[in-house]
Every structure is written in structure tokens, then in C-alpha cells.
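User: Hi! Could you walk me through a few side-chain features of this one?

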Amino acid sequence: MSAQTDTRPPSPPAPFTKSNDADRLRIVPVRRTGQWAAAVAALALLAPALNSVIRNEAFQWDVVADYFTTGAVLRGLGLTLWLTALVMVLGFALGTLLAVLRLSSNHVLRAVSWGYVWLFRSTPILVQLLFWFNIGALYPEILGVRTVNLLGPVTVAVIGLTLHEAAYAAEVVRGGILSVERGQIEAAQSLGLGPWRRLRRIVLPQAMRSIVPPAGNMLIGTLKGTSIVSVIAVQDLLYSVQLVYHRTYQVIPLLLVATIWYAVVTSLLSIGQHYIERHYARGTAGAR
């Protein structure tokens, strides 16, 4: 008797059962013992420090609260913000011009731009401010105009900070321009665009991706750097709190007032920088 062939369809695979396959397919997360230990150690060190700052009576937090929004402090803060904005605008305007001259084919213009950047980056900003403040001793008369007491402290601060800022802005803008692909410039040339139109419509918009991050850092640095104008009696934020604590001898709480205001404004500028960077990074892999 011949064997019969089994024509039944093959049985389906055994269904997934939690009892027999769960252990075999379980994903075990990587244990980060070192990271957790470092986090615990950091908190252990941070908690006592924070507690000492809050509970230390020498900080005089009640005095900080009393002077935080006084008229003198707010006027000093307003001058600091105005000075920062004006210096950044003028500094980047001059810096952009210097960057263009540095990249030109004219050797004289390139040398002048290089010399300017070298000079103002090589000397401390305090020295530059003191030179401008004592311009009358260097040149008592310029074009028939007596220079003694010609420039007030605020004018000296604007001139000195702007010229100093322009040297750094020139390098930031130059680096941004060099980051633009050569093919973009050649394509603009093939369309018949002039040099200034190529710069304004093609090069600078693409260079902004590389310019904005260091420019944001320069803005924050300029905000804090304006405190140096207190040495020439410009009543910025730092000088305003100095006037108060010279009268009340409450040095620490008044310095905390200035510190907190600088931290608040710097944080707001950092948030604005983040959104500006994201705007110019649209369409790139780093945009988020």
C-alpha cells in the first residue's frame, strides 16, 4: 500500500507569546553609572554653594531689591544699552567696509585695511580710550579747532569702542564672505550683477550663517565691555552703582545689582541670537 502525500497547507508560525520570547527580545538600556555619579557629585557641591549665597547676610539681598530699579541704576542701564547698540551698528558698518577692502585686488587698500585691524587689535581698549580722552594733549589744535575739552566722555566712549569693535567685526565679516562658495559669486557675475549688488544681494545673505554666531558673541562682549568706560566718568550701569556705593559704602549689594542686570540682558540677547541663527540656517542640516 503506497504512502499518501500530505496535502495540508503548512501550519502558521507560532504566535508571539510573552512567556517564551519576551526575555529573548528584551532590550537592556546601557547603564550610565558614571554620568549619574557625576550628576550627584555636582549637585552635592552646588547645593551648599547656592545655600551660602542665599543665606549669607553679607550679600544684603534686601538692599539689592531696594536699588535694583532705582532711577540712577535704570538710567545707567539705558546708557549701557544705547552705547552697546550704537557701537555695534557703527562698528559693523565700518568693519564691513574694512572687510571688503581687505578682499579687494588693490594692494594699497588691502594694506590699509590690514594695518587698521592689526593696530586696533594689538592695543588694549583701555589704552585707546585714554588716548582719545587726552586727544587735546596730543593734538592741541586740528584744522584751526582747539581740541581741548572738544570731546566729552560719551563721545570719546563711542569713538573708542567703535574703532576697536570695527577691527574685530572686519575679521568676522571677512570670514563670513570667504565661507560663501565661489560658484555663487561666479553665477552672480554671469547674470551681470555689479560688485556692490553681488555683495548686497548674493554674498552677504549667505555669509550671515557664518557671521551671526561670532557677531552675537561680540554683542554680548560689547555689552559687558562698555563697563570699561566708567574709567572716563561715563555714567553707564557700573559707574551708576559705583556712585551709589561710594555714598552708602554698600559695595557688595550694589555690585550684585549691576551683575544681575548684566546677566538678565545677556540672557535676553542669547535668546535673540538663537532665533536669528535659526532664521539664517534655514534649509541647512544644522537648522533646528
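Analyst: Happy to; we can take salt bridges, aromatic pairs and a surface patch in turn. This is a predicted model, where local features need pLDDT of at least 70, side-chain atom pairs count only at pLDDT 80 or more, and totals for chains, interfaces and linings use all residues. Residues are numbered from 1 along each chain as its sequence is written, and side-chain values use heavy atoms, with hydrogens and water left out.

User: Great. How many salt bridges does a search of the whole structure find?

Analyst: Two, where a salt bridge is a side-chain nitrogen of Lys or Arg within 4 Å of a carboxyl oxygen of Asp or Glu. E171 pairs with R102, with 3.1 Å between the closest N and O atoms. E171 lies in helix α8 and R102 in helix α4, so this pair ties together parts that are 69 residues apart in sequence. Helices here are DSSP runs (H or I, at least four residues), numbered from the N terminus.

User: And what does E171 do with R174?

Analyst: Their side chains meet in a salt bridge too, at 2.9 Å from N to O. Both sit in helix α8, three residues apart, about one turn of the helix. R102, E171 and R174 are thus linked in a network.

User: Switching topic: how many aromatic pairs are there?

Analyst: Four, counting rings of Phe, Tyr and Trp (its six-membered ring) whose centres lie within 6.5 Å; planes under 30 degrees apart are stacked, over 60 edge-to-face, and the rest tilted. One of them is F68 with W261, stacked at 4.5 Å centre to centre and 0° between the planes.

User: Where do F68 and W261 lie?

Analyst: F68 is in the loop between α3 (61–67) and α4 (71–102), while W261 is in helix α12 (residues 251–280), so the pair ties together parts 193 residues apart in sequence.

User: Is W261 buried or exposed?

Analyst: Buried, at 15% relative accessibility. Buried means under 20% relative accessible area, exposed over 50%, and partly exposed in between (1.4 Å probe, protein chains only). F68 is partly exposed at 21%.

User: Last one: which residues make the nonpolar surface patch?

Analyst: V127, F131, L138, Y139, I142 and L143, giving about 640 Å². Patch residues have over 30% relative accessible area and no salt bridge; like charges are joined within 9 Å, and nonpolar side chains (Val, Leu, Ile, Met, Phe, Trp, Tyr) within 5 Å. Areas come from the Shrake-Rupley method with a 1.4 Å probe; for residues, only the protein chains shown count as cover. F131 lies in helix α6 (residues 125–133) and is partly exposed at 48%.

Definitions and conventions. Helix = DSSP H or I, 4+ residues; strand = E, 2+ residues; numbered from the N terminus.
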